[in-house]
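Subject: Structure for you to look at, with notes

Dear colleague,

Here is the structure I promised to pass on, and my notes follow beneath it. Please read them with the model open beside you.

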Amino acid sequence: MYCIVDAVRRAVAAREFGIETIRVRVFHEGRTVEIRRVPLTELMSPKSEIRRDRRFMRFQRPDVEDETIDVERHMPFRYPDATR
């Protein structure tokens, strides 16, 4: 499992577009240890929910597919729901 450090909205947008994996930059103790693709099901968020606002709605599928989001290895799994 990975905890999203930055880009929770992009991860949720990827899920909403039906994208199954996303490129992540894995950090450990503040240093990048690898860049790889992981299934969205392995991501958790520090946020319990996010609001659907302009920042969320501005993403388009090609943009999200090419994104790299920052994560740290973590447990257990939790994924936020997008609320209206």
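In helix 1, Val 8, Arg 9, Arg 10, Ala 11, Val 12, Ala 13 and Ala 14 are buried, and I begin with this helix since several of the later points return to it. Please keep in mind throughout that this is a predicted model. Helix 1 as a whole is mostly covered, with seven of its nine residues buried, and after it comes Gly 18, which has a positive phi near 85°.

For orientation, the protein chain contains three helices and seven strands, and along the sequence these are arranged in the pattern β-α-β-β-β-β-α-α-β-β. The chain has 84 residues, of which 38% count as buried. Its accessible surface is about 5,500 Å², with 46% of that area belonging to carbon and sulfur atoms. Among the contacts with a separation of 6 or more, 81% are between residues 24 or more positions apart.

The core

In soluble globular proteins, nonpolar side chains tend to be buried together. In this model the largest nonpolar core has 19 residues, and the members that touch the most other members are Ile 4, Ile 22, Val 24, Leu 43, Ile 69 and Val 71. Two or more residues come to this core from each of strand 1 (2-6), helix 1 (8-16), strand 2 (21-28) and strand 6 (68-73), and helix 1 gives the most, with five residues. Val 71 is a useful residue to select on screen: apart from its neighbours within four places in sequence, Val 71 is in contact with Tyr 2, Cys 3, Ile 4, Val 5, Val 24, Arg 25, Val 26, Phe 27 and Leu 43.

The charged pairs

The count of salt bridges comes to three, and I take them one by one, together with how far each partner is covered.

One of them joins the side chains of Arg 10 and Asp 6, with 3.7 Å from N to O. Arg 10 counts as buried because its relative accessibility of 18% is under the 20% cut-off, whereas Asp 6, with a relative accessible area of 40%, is partly exposed.

Another is formed by Glu 16 and Arg 15, whose closest N and O atoms are 3.4 Å apart. Here Glu 16 is partly exposed at a relative accessible area of 42%, and Arg 15 is partly exposed at 29%.

The remaining salt bridge is between the side chains of Arg 25 and Asp 70, at 2.5 Å from N to O. This pair links distant parts of the chain, with Arg 25 in strand 2 and Asp 70 in strand 6, 45 residues apart. Arg 25 has a relative accessible area of 27% and is therefore partly exposed, while Asp 70, at 16%, is buried.

What else does Asp 70 contact, leaving aside its neighbours within four places in sequence? Besides Arg 25, the residues in contact with Asp 70 are Cys 3, Ile 4, Val 5, Asp 6 and Phe 27. Asp 6, in turn, is the residue whose side chain meets that of Arg 10 in a salt bridge, and Arg 10 is one of the buried residues of helix 1.

With best wishes

Methods: Residues numbered from 1 in each chain as written. Predicted model: local features only at pLDDT ≥ 70, side-chain atom pairs only at ≥ 80, totals over all residues. Heavy atoms only, no water. Core = buried A, V, L, I, M, F, W, Y, C linked by side-chain atoms within 4.5 Å. Buried < 20%, exposed > 50% of the residue type's maximum accessible area, 1.4 Å probe, protein only. Helix = DSSP H or I, 4+ residues; strand = E, 2+ residues; numbered from the N terminus. Contact = heavy atoms within 4.5 Å. Salt bridge = Lys/Arg side-chain N within 4 Å of Asp/Glu carboxyl O. Areas by Shrake-Rupley, 256 points an atom, 1.4 Å probe, with all protein chains shown as cover.
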